[in-house]
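Visitor: I'm new to this one and would like a close look at a single part of it. Could you pick one helix and walk me through its surroundings?

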Amino acid sequence: MWALRFRAYGTRQYVTLGTAQEGWSRQKAEQELRHTMADVERGTWKPPVPETPPAPEIDRDPTFHDFASKWFDATKGEWRESTRLDYEWQLTRHLLPFFGKHRLSQITIAEVDRYRQAKVAEAEKIRAAAAKGKPMTFEYTDARGRKYRQRRRPLSATSINKTITRLGQILDVALEHELIARNPAKGKRRRLKPQKTPPVWLDRATHIKALLDAATELDREARVDRKLPRRVILSTLVFAGLRIGELIDLRWQDIDLAAKHITVRTGKTDASTRRIDLLPVLHATLTAHKAASKKARPNDLVFRTHRGGPLNPSNVRNRTLTGAVERANERLTDAEDVPLPEGLTPHKLRHTFASILVALGVDPGAVMDQLGHTDPGFTLRVYRHGMRRHGDSKARLHALVNGIDWAPMGTSPKKPSRGTLGRVAPVDQNPAPALVVLVMGTAGFEPATSRV
């Protein structure tokens, strides 16, 4: 490689000429140096301008996998953790397996329709396998790298529509960058018509009691090194109406046992930040749980794994709740009682909390505040249902939320009399130093406390 090195205009200059293969030699280089120095002396020489590297070529038709991955990485910091996990699940389990190798230009209306039809067929196949007693499973790897087999569950029409909405959200960005001419995932025709299903919640005291008693049984049977406070977790979902993400993030500083309320500090909407009044039975449950907890400092998690980390939402759904539902149904069947409604999820326990508040006579506006709702539609539906309750059903719920012993499943509870209705039945069944009594007044039952 031949080059010139000289001083010009008070600074050292370096000019690359070329290689011998390109025709450069010492003689030619020295000649070039003489010409250059002559130009410097005349003041006409100018340092060579470095070549600007060519701009990176933009892929105008990337694969959906590449584009969606960049979109996810660029925007995930804007989402709550639960939202990030939900979007990641929609992408990795559903959208990428189908559209991953498609170029953006290949995602047409016909392809979106084909995806929707494939998801419907897949759901039917999963249901058919379960009906034959041979449920389909998939391999799941947790955060610690441990692998499990989990049962595959069919996507509902609503869930399929949510994945198409996510596809449309990603393609909207591609449209803004002029990578596609139109968004093929937009429009009502791309989506399924959701089937209207009856609302699911526990609307009777016997079902709530059966679920919590089943959780207590499972707590007693669990290995010492694998124990989770199943009853406390389910009690908090039932009697405080927390979303599953709110439950997992709950810390002791959020629970004011003296003032008897829970503060939800973060949520999916502004209304999600709220204060929830502690019902007597939940106050007793959380008081006992705090006393038994090894870590109950203000910033400690209320619910932790046996290793001290936050709970996994899937474990709350698939282990804590599902196990308790199965055991409760066994006990209800033995008692010749109606089993729990199908489709019970942690979110449906929020609906149960709304039903309880309505039965206690809380007005719809206050119910919305406690739930963190902005749309009154659901609250009013629950309210109308609650107003149809007969007195005996309401009395059972009043007794339950106030920790009152009442008749077992399959029998009628004693009718409340004026004055003391019964004694608090704490979670650990140990006598408590205080009683909660129900006083019948013109407005119904009102909780009051008395000392023993």
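Guide: Let's look at helix α7, starting with the chain around it and then moving in. Keep in mind that this is a predicted model. The chain has 452 residues, and 41% of them count as buried. Along it there are 14 helices and nine strands. If you take contacts between residues at least 6 apart in sequence, 59% of them join residues at least 24 apart.

Now for the helix itself. α7 covers residues 230-240. Is it enclosed or open? Here 11 of the 11 residues are buried, so α7 is largely enclosed by the rest of the structure. The buried list starts with Arg230 and Arg231, goes on through residues including Ser235 and Thr236, and ends with Phe239 and Ala240. Right after the helix comes glycine 241, which has a positive phi, near 65 degrees.

Next, a neighbor: helix α10, residues 313-334. Two packed helices are described by the angle between their axes and the distance between the axes. For α7 and α10, the axes come within 11 Å and cross at roughly 95 degrees. An angle of 65 to 115 degrees counts as roughly perpendicular, and the two helices are therefore roughly perpendicular to each other. On the α7 side, Arg230, Ile233 and Leu234 make the contact, while α10 brings Val316, Thr320, Leu321 and Ala324. Sorted by class, that contact has five nonpolar residues, one polar and one charged.

Leu234 is worth a second look. Besides touching α10, Leu234 is among the residues with the most contacts inside the largest nonpolar core, which has 56 residues. Phe239, another α7 residue, is on that list too, along with Ile208, Leu211, Ile255, Ile262 and Leu349. The helix that gives the most to this core is α6 (residues 205-221), with eight residues.

Leucine 349 helps tie the picture together. Leaving aside residues up to four places away in sequence, leucine 349 touches Leu234, Leu237 and Val238, which are buried residues of α7. Leucine 349 also touches Leu321, one of the α10 residues in the contact with α7. The other partners of leucine 349 are Leu202, Leu211 and Leu344. There is a second, separate core as well, with 26 residues, including Phe67, Ala68, Leu167 and Leu171.

Notes:
Residues are numbered from 1 along each chain as its sequence is written. This is a predicted model: local features need pLDDT of at least 70, side-chain atom pairs count only at pLDDT 80 or more; totals for chains, interfaces and linings use all residues. Side-chain values use heavy atoms; hydrogens and water are left out. A nonpolar core is a set of buried Ala, Val, Leu, Ile, Met, Phe, Trp, Tyr and Cys residues joined through side-chain atoms within 4.5 Å. Buried means under 20% relative accessible area, exposed over 50%, partly exposed in between (1.4 Å probe, protein chains only). Helices (H or I, at least four residues) and strands (E, at least two) are DSSP runs, numbered from the N terminus. Contact means heavy atoms within 4.5 Å. Axes are lines fitted to C-alpha atoms, for helices over the stretch in contact, and angles run from 0 to 180 degrees between N-to-C directions. Angles under 35 degrees count as roughly parallel, over 145 as roughly antiparallel, 65 to 115 as roughly perpendicular and the rest as oblique. Ala, Val, Leu, Ile, Met, Phe, Trp, Tyr, Cys and Pro count as nonpolar, Asp, Glu, Lys and Arg as charged, and the others, Gly among them, as polar.
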